[in-house]
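Here's a walk through the side-chain interactions in this one, from rings to charges. Have the viewer open while you read.

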Amino acid sequence: MQSLQVNAVTKAYGSKKLFTDVSVSFTEGRRYGLTGPNGAGKSTFMKILAGDLDPDSGVVSRAEKTSVLRQDQFAFEDNRVVDVVLMGNKKLWAAMQEKEVILAKENISDDEGERLGELEGIIAEEDGYTAEPEAASLLDGLGIPIGQHERKMKEVAGGLKLRILLAQALFGKPETLLLDEPTNNLDLDTIRWLERFLCDYQGVLVTISHDRHFLNQICTHIADIDYETIIVYTGSYDEMVMAKSAVRGRVEQENSERQKKITQLQEFVAKFGAGTRASQVQSRKKQIEKLALADLKKSNIARPFIHLQVKKPSGKQTLTIEDLGKSWDLSERDGGGKLTVAKSFTTLVTKGEKVAIIGHNGVGKTTLCKMLMGELPPDTGTITWGHQVSLGYLAQDHRESIPDDTTVNEWLHSFDHTAGLQDVRGLLGKMLFTGEEGLKPTHALSGGEAVRLIFCKLMLTKDNVLILDEPTNHLDLESIVALGDALTRYEGTAFVVTHDRDLIAGFATRLFAFTDEGLVDFRGSYDQFLEKHGEAAAAAAKASGGGKKSQRPGK
């Protein structure tokens, strides 16, 4: 039985310990979700598993055929797309390349002829004669149109390159598969395809994902980084959360009961320690020693508190769209032709409705958001906001909305000069900016910190309409759960672009869905939408290769 063994691994950066003396075994046939809050060390641990980073101490034993999802999308610019996938099986690729070199020679020696026979054996053992069809099938499932398979990587749109690298990781029946955020840049239908593929995978799978639904669908176990160690739980992510909470709750309750008993015994010792009841006092002292409290390290999990309020309500007819049309001319790199974002789209959105904007990558979700914000004009039709509408916006390229020449405190205070320092600090604290982090220069913010800072701004301005384009990017699972709760409680109107199915199912009362029928206004829940459109949308995704991604601004 193949497994991935971690023995006594420790890793720290300066004074911050990520994990200490960790020993864990990942077993064949099991699928592990690697979880923990931002900064817990998930990606660091994954790099240690892959052999890309050395631990401070300890060792990792891994299978020979260990496949890792790489993020360097520009590493293979001069290679064919299908060849990049074949490189996922290093043994097969090396044999194929060596065979080509020998066959290219005018005269082949006896030794080279013998070597050709050996290479043919290796290629056969690695299923090399069905390799290209297998690679094509993976690319198709991940939404790479067949017309792209023979192209060089430099001719392929950036959003598709990451999918090709995912196909590379999945190719060749690896014994161990290490995937860090595999659902990034995937639309809903492609994520469902990946879930089916991974559920059929028979090796050792370890994956990091901020998509709770994805983890619940594929994981048989959860390896949770917390308390400077890794604890493996059986079951899905939701089952881990319940088990972890139950264990900590039980220990806290036992400690509380022990502390009460210790206090009673200490009072007895203090009262009679100098008296004639010496034997009873000594007995009580021994009982106190036996009742030592269980060691309960502080968890590093912290959930932000997102409270989205409305300062002044909007009018009932919040948004009116009449005969909206928008399209782009696609470049040859993106397959040419025209991408239609909307055609004769008419709708009315009333106060308090929660709209999820969904669809394949590159179909125009961000374009629609920018038209709603007035940053892009429609080709035809009108977008009219109602009485007293105040717009709050989180752009997909959100980092560009925060200037680099200020601090966290100063930027936030600039949106409400009447806000006191304690008010600003209170908002920052709710979004996990603690201590002196309010003085942090904005240019030094991480992706997750930038998103949390924008939510601080939205809590300060209290707009009655929110337009959030991929708000879960860079957020950990705890933050995404907090966002879902906040959107559900929000009394204003919201438009949210997201691929997170649990988030959509939790808050959305209505959907703007990009389907093969065009932009559809669906009044109802996400589950109801899937009942009506799910199979048709999946078929369209397979036929179109997951949608064409435009490189024009605003896609």
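Buried, as used here, means under 20% relative accessible area, exposed means over 50%, and partly exposed is whatever falls in between. By that yardstick Phe345 is buried, since its relative accessible area is 5%. Keep in mind that we're looking at a predicted model.

**Rings**

How many aromatic pairs does the structure hold? There are eight aromatic pairs. Take Phe19 and Phe45: the ring centres are 5.3 Å apart and the planes sit at 80 degrees, so this pair is edge-to-face. Because Phe19 belongs to strand E2 (residues 16–27) and Phe45 to helix H1 (residues 42–50), the pair ties together parts that are 26 residues apart in sequence. Phe19 is buried at a relative accessible area of 0%, and Phe45 counts as buried at 0% relative accessibility.

Another edge-to-face aromatic pair is Phe345 with Phe512, at 5.4 Å centre to centre and 85 degrees between the planes. Here Phe345 comes from strand E11 (residues 338–350) and Phe512 from strand E17 (residues 510–515), so parts 167 residues apart in sequence get tied together. Phe512 is buried, because its relative accessibility is 0%. These two rings also have company: ring pairs link Phe345, Trp385, Phe495 and Phe512 into a cluster.

Rings also turn up under charges. Lys326 has its charged end over the ring of Trp328, 5.1 Å from the ring centre. Arg452 does likewise with Phe433: its charged end sits over that ring, 4.9 Å from the centre.

**A covered strand**

Next up is strand E12 (residues 354–358), which is mostly covered, with five of its five residues buried. In a regular strand, side chains alternate between the two faces of the sheet. In E12, Lys354, Ala356 and Ile358 point one way while Val355 and Ile357 point the other way, and all are buried.

Which strands does E12 pair with? One partner is strand E16 (residues 493–497), joined in the parallel sense over four bridges. Across that pairing, Lys354 stands opposite Ala494 in E16. E17 is another partner, also running parallel to E12 and joined to it by four bridges. On that side, Ala356 stands opposite Leu511 in E17.

**Salt bridges**

Searching the whole structure turns up 26 salt bridges. Here are some of them, with the N to O distances.

| Positive residue | Negative residue | N to O distance |
|---|---|---|
| Arg80 | Asp83 | 2.8 Å |
| Lys173 | Glu134 | 3.9 Å |
| Arg523 | Asp521 | 3.9 Å |

Start with the Arg80 and Asp83 bridge. Arg80 counts as partly exposed because its relative accessibility is 25%, whereas Asp83 is buried with a relative accessible area of 14%. The pair is part of something wider: Arg80, Asp83, Glu132 and Glu150 are linked in a network of salt bridges.

Where do the partners in the Lys173 and Glu134 salt bridge sit? Lys173 forms that salt bridge from the loop between helix H6 (158–170) and strand E6 (176–180), and Glu134 is in helix H5 (residues 131–141), so to speak reaching across distant parts of the chain, 39 residues apart. Lys173 is exposed, at 54% relative accessible area, while Glu134 is partly exposed at 23%.

As for the Arg523 and Asp521 bridge, Arg523 is exposed with a relative accessible area of 55%. Asp521 counts as partly exposed, at 24% relative accessibility.

**A lysine without a partner**

One more residue deserves a look. Is Lys457 buried or exposed? Lys457 is buried, yet has no salt bridge. Why no salt bridge? A salt bridge needs a side-chain nitrogen of Lys or Arg within 4 Å of a carboxyl oxygen of Asp or Glu, and the nearest side chain of opposite charge, Asp463, is 5.0 Å away from Lys457, so the cut-off isn't met. Lys457 is found in helix H14 (residues 447–461). Leaving out residues up to four places away in sequence, Lys457 touches Trp411, Leu412 and Phe415.

Note on methods:
Residues numbered from 1 in each chain as written. Predicted model: local features only at pLDDT ≥ 70, side-chain atom pairs only at ≥ 80, totals over all residues. Heavy atoms only, no water. Helix = DSSP H or I, 4+ residues; strand = E, 2+ residues; numbered from the N terminus. Buried < 20%, exposed > 50% of the residue type's maximum accessible area, 1.4 Å probe, protein only. Lys, Arg positive; Asp, Glu negative; His and termini not counted. Contact = heavy atoms within 4.5 Å. Phe/Tyr/Trp six-rings, centres within 6.5 Å; stacked < 30°, edge-to-face > 60°. Lys NZ or Arg CZ within 6 Å of the ring centre and 35° of its normal. Pairing = 2+ DSSP bridges.
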